[in-house]
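This report covers one ligand site, one helix pair and two backbone details. Please look at the model first.

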Amino acid sequence: MAGSGGLSLRTLTGSGWVRGSCPAVLSRLKNAAVVRPGFLSKAEEETLSCELEPELRRRRYEYDHWDAAIHGFRETEKSRWSEASRNILQRVQSAAFGPGQTLLSPVHVLDLEPRGYIKPHVDSVKFCGATIAGLSLLSPSVMRLVHTQEPEQWLELLLEPGSLYILRGAARYDFSHEILRDEESFFGERRIPRGRRISVICRSLPEGTEPGQPPRAC
Ligand code: OGA
Ligand code: MN
């Protein structure tokens, strides 16, 4: 189609990090589901994982509940960070959140073991506002977004170590998100073998919630 003005393959199927069910979904969610590969330098990845490792190691992986959204994980809510990590989190805040958005504090840290995965869910609107931003460490993974009303509309995000993803607006409210288990971990045709993955997740507060206050009941 060169020279004909036709759509490029990239426009049809997405970028190297975002794939979608159709060009309309991709274009509608262009600013709502964003992946920034290489957001962290290797040194920054190291900084975060070295700081998190001792805190995570103290906890056990959980498998318990058959109906739980997350399997094979351990997690922590972290509010005290080294200066180097605070600088990284500040960069996340500037990249992902608007000046009017207040962030939920502490930051959520989730450690998925190689067999661990996250089932499709929409983050509770009681605890989380319009924007979710996550850094991925250690292992690549695939995040799938599926429209809650029209499941034929979907996106796949390839989350390499050091990448930042941002879900906001429609991508956060109208689509479920999940992290695929190893057996299902494909980005299109491409197999993405899963290892242990740590994510550092920043969320905005629901509108009308004061920082430092417990989230409103319902
Ligand atoms: C969650 C979640 C995604 C991630 O904890 O609600 O969707 O990147 N986590 O770990
Ligand atoms: Mn979630």
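A polar side-chain atom of His177 sits 3.0 Å from an oxygen atom of ligand 1. The model is predicted, and these distances come from its atoms. Asp123 and Arg197 also place polar side-chain atoms by the ligand. For Asp123, the distance to an oxygen atom of ligand 1 is 3.3 Å. For Arg197, an N or O atom of the side chain is 2.9 Å from an oxygen atom of ligand 1. The table lists these pairs.

| Side chain | Partner | Distance |
|---|---|---|
| Arg197 | oxygen atom of ligand 1 | 2.9 Å |
| His177 | oxygen atom of ligand 1 | 3.0 Å |
| Asp123 | oxygen atom of ligand 1 | 3.3 Å |

How much of ligand 1 does the protein bury? Alone, ligand 1 exposes 290 Å², and the protein buries 94% of that. The residues around ligand 1 include His108, Leu110, Ile118, His121, Met143 and Tyr165. Ser199, Ile201 and Arg203 are also among them.

**Helix pair**

Helix H3 spans residues 42–57, and helix H4 spans residues 83–96. They pack at an angle of about 115°. Their axes are 10 Å apart. The crossing of H3 and H4 is left-handed. H3 contributes Glu44, Thr47, Leu48 and Glu51 to the contact. H4 contributes Ala84, Ser85, Ile88 and Arg91. By class, this contact has 3 nonpolar, 2 polar and 3 charged residues.

**Backbone details**

Most peptide bonds are trans, and most residues other than glycine have a negative phi. Where does this model depart from that? Ser105 and Pro106 are joined by a cis peptide bond, with omega about 5°. Pro106 is in the loop between H4 and strand E4 (107–121). Leu138 has a positive phi, near 75°. Leu138 lies in the loop between strand E5 (131–137) and strand E6 (141–147).

Terms used:
Residues are numbered from 1 along each chain as its sequence is written. Chains are lettered from A and ligands numbered from 1 in the order in which they are written. This is a predicted model: local features need pLDDT of at least 70, side-chain atom pairs count only at pLDDT 80 or more; totals for chains, interfaces and linings use all residues. Side-chain values use heavy atoms; hydrogens and water are left out. Axes are lines fitted to C-alpha atoms, for helices over the stretch in contact, and angles run from 0 to 180 degrees between N-to-C directions. Helices (H or I, at least four residues) and strands (E, at least two) are DSSP runs, numbered from the N terminus. A crossing is left-handed if the near helix is turned anticlockwise from the far one by less than a right angle, and right-handed if clockwise. Contact means heavy atoms within 4.5 Å. Ala, Val, Leu, Ile, Met, Phe, Trp, Tyr, Cys and Pro count as nonpolar, Asp, Glu, Lys and Arg as charged, and the others, Gly among them, as polar. A residue is near a molecule or strand if one of its heavy atoms lies within 4 Å of it. A polar contact is a pair of N or O atoms within 3.5 Å; within protein, one must be able to donate a hydrogen and the other to accept it, and residues adjacent in sequence count only if both atoms are side-chain atoms. Accessible areas come from the Shrake-Rupley method with a 1.4 Å probe; for residues, only the protein chains shown count as cover.
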